[in-house]
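Here's a quick tour for anyone meeting this protein for the first time. Have a look at the sequence and the model, then read on.

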Amino acid sequence: MKKMTVMILLAWSLVLGGCGGAAVETAAGTETAKEENLESAAVDGSSVTEEKTDGSAAAGQKDAAESGAGGQTDETADAAENTGAVKAAETGAAAAETKEENAKDKADADSKEDEKKEADGDKEKAAAAEQKDTGGKTEEDGEAEQPKLADYEITVYGQPEIMYASDPVNVRKGPATDFERAGGLSRGQEVSVTGQADTGWYEIVYGDVTAYVSGHYLQKEKPAEEPAPQQQAAAEGQPVTEVKNVAGVIMVGDSRFVQMQANIGENSCTWIAENGKGYNWFNETAVARIDGCVGKGSKILINLGVNDPGHVNDYLALVNAKAAEWVGKGAKVYYASVNPVWDNPYTTEEQVEYFNSQMQAGLSGDVRWIDSHSYLNSIGYKLVDGLHFNAETYQNIYAYFMSCL
């Protein structure tokens, strides 16, 4: 279009000649200027359009930014919400763990408390047992808890009185069984009584010292002479019981077992016995000898205590401990009661009966009790010196032992 216009103007200039050339050039310049103006306007419009486009783009970017910001806000909120849930879960887990730890601590505390109660209960039982064995006194009581004469009221006689022991009885240093033993009286023995305690016990002259005897065992009249039980048994005759042979028997005792072995003749027992022995010999010598020969099928029979009945608690502790070992090796353990005594300078029948009662009650389930004391009282026996028996009595005791194994 532009080129067409220029060519027309040039044709007119040729027709008109020289005078019209300038006009033609002017018109052409004007047209050119107009076209440049149009092009300029077009460029400007394009710029405006580009600016609008840029504006729209900016607006879009703004919206996108806002949209992104909004999205980020929502995501942040979700993240915050998730974080809160996690924290809540963690808090709950921590609380649960704390609760579990508290419960465990409480259980541990309860367990320790139960163990303490059980231990305290065992201690109370042990203390009660000790009090039973020691007549109500424990080692913890000490000397302060020992009986004192000052605690008793003694009425002193103006003149001593002569009295007699109705039966064998202990003489003590105070007017009660809690006091230490000072000796003993035989049946019919005469004593000089100088007073009486509020417990009913008599104060007597015993050698060079003052001592005490239970009022139940002293009387003003001398007891009539009576044949002793062993003399009655001898007068009636003593049938000897047939012996049952038992293998693997270990006999442990004092002089009574030494004499028994000598009076029963040939036998298959292992004898561990010595004259005049008691707890110390049993602990230091006899136990080791038993350990050396005990085995499966062994039958250990112990008969000690007549020489030292005051060691009853020591015998109980040692026999119970060793019996558990011997039974574990396949053996059986027996303890025979101390057999009757009569008048002798060493031990009274009262002491023997007390020793037997304490041993029978205190032996463990690993030890079987043989009451030969009651057996002899039921069939009769003969003591030749108040402590040792005649041959027939030993034979009967031996036969009774074998029948119990």
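What follows goes from the overall picture to the cores, the helix pairs and a few single residues.

## The big picture

Keep in mind that this is a predicted model. The protein has 9 helices and 12 strands. Of its 405 residues, 32% are buried.

How do the contacts spread along the chain? Take the contacts with a separation of 6 or more: 68% of them are between residues 24 or more positions apart.

## The largest nonpolar core

Nonpolar side chains tend to be buried together in soluble globular proteins. Here, the largest nonpolar core holds 32 residues, and the members touching the most others are Val252, Phe282, Ile300, Ile302, Trp326 and Tyr335. Which elements give two or more residues to this core? They are strand 8 (249-253), helix 5 (279-293), strand 10 (299-303), helix 6 (312-328), strand 11 (332-336) and helix 7 (349-362). Helix 6 gives the most, with 7 residues.

Ile300 is a handy place to look around. Once you leave aside its neighbours within four places in sequence, Ile300 is in contact with Ile250, Val252, Ile290, Val294, Trp326, Ala331, Lys332, Val333 and Tyr334. Another core, of 24 residues, lies apart from the largest one, and Val246, Met251, Ala336 and Phe401 are among its members.

## Helix 6 and its two partners

Two packed helices can be described by the angle between their axes and the distance between those axes. Start with helix 5 and helix 6: their axes come within 11 Å and cross at roughly 5 degrees. That is under 35 degrees, so helix 5 is roughly parallel to helix 6. On the helix 5 side, the residues that meet helix 6 are Tyr279, Phe282, Asn283, Val287, Ile290 and Asp291. Across from them, helix 6 brings Asp314, Tyr315, Leu318, Val319, Lys322 and Trp326. Sorted by class, this contact has 8 nonpolar, 1 polar and 3 charged residues.

Helix 6 also packs with helix 7, at an angle of about 30 degrees and with the axes 10 Å apart. Helix 6 and helix 7 are therefore roughly parallel to each other too, and their crossing is right-handed. Val312, Tyr315, Leu316 and Asn320 of helix 6 make this contact with Phe355, Gln358, Met359 and Gly362 of helix 7. The residues here divide into 5 nonpolar, 3 polar and no charged. Tyr315 turns up in the contact with helix 5 and in the one with helix 7.

## Helix 8 and helix 9

Now for helix 8 (residues 372-379) and helix 9 (residues 391-404). Their axes come within 11 Å and cross at roughly 130 degrees. Are helix 8 and helix 9 roughly parallel or oblique to each other? Their angle places them outside the ranges for roughly parallel, antiparallel or perpendicular, so helix 8 and helix 9 are oblique to each other. Their crossing is right-handed.

The contact is made by Ser372, Tyr375, Leu376 and Ile379 of helix 8 and by Thr393, Asn396, Ile397, Tyr400 and Phe401 of helix 9. By class, the residues divide into 6 nonpolar, 3 polar and no charged.

## Three residues to look up

Val246 sits in the loop between helix 3 (229-236) and strand 8. Is Val246 buried or exposed? With a relative accessible area of 11%, Val246 is buried. Its C-alpha atom is separated by 9.9 Å from that of Phe401, although the two are 155 residues apart along the chain. Not counting neighbours within four places in sequence, Val246 is in contact with Ser268, Lys299, Met402 and Leu405.

Ala197 belongs to strand 4 (residues 190-197). Ala197 is buried as well, with a relative accessible area of 7%. Leaving out residues up to four places away in sequence, Ala197 touches Glu153, Ile154 and Pro175. Between the C-alpha atoms of Ala197 and Tyr212, 15 residues apart along the chain, the separation is 8.9 Å.

Last comes Lys222, found in the loop between strand 7 (218-219) and helix 3. Lys222 and Ser166 are 56 residues apart in sequence, and their C-alpha atoms are 7.6 Å apart in space. Setting aside neighbours within four places in sequence, Lys222 is in contact with Tyr164 and Gly188.

Definitions and conventions. Residues numbered from 1 in each chain as written. Predicted model: local features only at pLDDT ≥ 70, side-chain atom pairs only at ≥ 80, totals over all residues. Heavy atoms only, no water. Axes fitted to C-alpha atoms, helices over the stretch in contact; angles between N-to-C directions. Helix = DSSP H or I, 4+ residues; strand = E, 2+ residues; numbered from the N terminus. Parallel < 35°, antiparallel > 145°, perpendicular 65-115°, else oblique. Left-handed = near helix turned anticlockwise from the far one by under 90°. Contact = heavy atoms within 4.5 Å. Nonpolar A, V, L, I, M, F, W, Y, C, P; charged D, E, K, R; others polar. Core = buried A, V, L, I, M, F, W, Y, C linked by side-chain atoms within 4.5 Å. Buried < 20%, exposed > 50% of the residue type's maximum accessible area, 1.4 Å probe, protein only.
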